[in-house]
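Subject: Structure for you, with notes on the interface

Hi,

Here is the structure I said I would pass on. My notes follow below it.

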Amino acid sequence: MHKDRALWASLAVLALAGAAYALRETAGKGWMPGCVFRKLTGLDCPGCGMTRGTYALLHGRVAEAFSFNPVGMILLPLAMVALGIEVMGWVRGKPMPFRIKPGRWGATVVAVVVIVFWIVRNLV
Amino acid sequence: MWYYSRNGMQLGPLSTEELSGKARGGEVSPSDLIWKEGMPDWKPMAQVPEFQSTSGLSNPPPVGMGSVPMQQPPMYPAGYIPGSVPNYLWQSIVVTVLCCLPFGVVSIVHAAKVDSLLAQGDIVGATAASKSAKTWAIAGLASWGLLIGIYLIFVLIAVIGAAASGP
């Protein structure tokens, strides 16, 4: 158990909670910058729709959230849980006994899914 | 963070880059013992996957020992611990989904290669892919942070400007 790491981890959780609160309360007011890639190219990036999607999710509109970015809505919570477990291992100084490991094929599948999704969403 | 042992003294902590630099400069030799958190015991630097290229550069194999070039077939080095080459897949996913820049996708592609290369026994390749995944994820995060920072400054200026000009 590393106290300094526990402090950093707590600060990160607080920052995330603050960001979620700000997003829930103010994202609808149109001050958020939106996607840089989309502004520059006119194309959707693999993450486009995540602000709107998370905003919808934080207001309990799950179906709407998935319609904005289905792949991101699955991958982001999965990655956050997996990273949370890694951070817990980092704080206590050795890895947690249960971890989400994509493995050799899982990682490749994720890469292919993200790239295919990126292409397809710009064609449809 | 690495620790190394020299003349009976434990020194460090150093980052991988700093320790590589010391190895190239000759301050640490490939036979010196090094350790980082997660390793079960101290190992000579030459046996630690992260530094195999560095230690090979600074100390060419001695001539006279039937000087065959050190082109070994890929295999797990003695000091290799499964799981010691992180793939950064989750980090790269977060960067891709949140940062709106294609850097995250590049990071995911490198991250996906790490475990495949490890499975083939290519530790050096896996370490390189791991490093690329990390670099691209940081590049994505940093450029996003920079753009958001600039954007917020503009928003602030606009707000102050509106307040100053009055109704």
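How many residue pairs are in polar contact between chain A and chain B, with both residues at pLDDT 80 or more? The count is one. Bear in mind that this is a predicted model. Salt bridges between chain A and chain B number zero.

Now the extent of the interface. On chain A, 31 residues are in contact with chain B, where 25 residues take part. Together the two chains bury about 2400 Å². Carbon and sulfur atoms account for 80% of that area. Three residues of chain A stand out: V36(A), L83(A) and R104(A). They supply 20% of the area that chain A buries against chain B, more than any other three residues.

Next, where the chain A side comes from. Helix 2 (36-41), helix 5 (70-92) and helix 6 (103-123) of chain A each give at least two residues to it. Helix 6 of chain A has the largest share, with nine residues. By type, the side of chain A that touches chain B has 23 nonpolar residues, six polar and two charged.

One residue on the other chain is worth a look. S116(B) sits in helix 4 (residues 103-119) of chain B. Its contacts include R104(A) and T108(A). Is S116(B) buried or exposed? S116(B) counts as buried, because its relative accessibility is 16% and the cut-off for buried is under 20%.

Best wishes

Terms used
Residues are numbered from 1 along each chain as its sequence is written. Chains are lettered from A and ligands numbered from 1 in the order in which they are written. This is a predicted model: local features need pLDDT of at least 70, side-chain atom pairs count only at pLDDT 80 or more; totals for chains, interfaces and linings use all residues. Side-chain values use heavy atoms; hydrogens and water are left out. Contact means heavy atoms within 4.5 Å. Buried area is the accessible area (1.4 Å probe) that two parts lose on being put together, summed over both. A salt bridge is a side-chain nitrogen of Lys or Arg within 4 Å of a carboxyl oxygen of Asp or Glu. A polar contact is a pair of N or O atoms within 3.5 Å; within protein, one must be able to donate a hydrogen and the other to accept it, and residues adjacent in sequence count only if both atoms are side-chain atoms. Helices (H or I, at least four residues) and strands (E, at least two) are DSSP runs, numbered from the N terminus. Ala, Val, Leu, Ile, Met, Phe, Trp, Tyr, Cys and Pro count as nonpolar, Asp, Glu, Lys and Arg as charged, and the others, Gly among them, as polar. Buried means under 20% relative accessible area, exposed over 50%, partly exposed in between (1.4 Å probe, protein chains only). Lists of a residue's contacts leave out its neighbours within four places in sequence.
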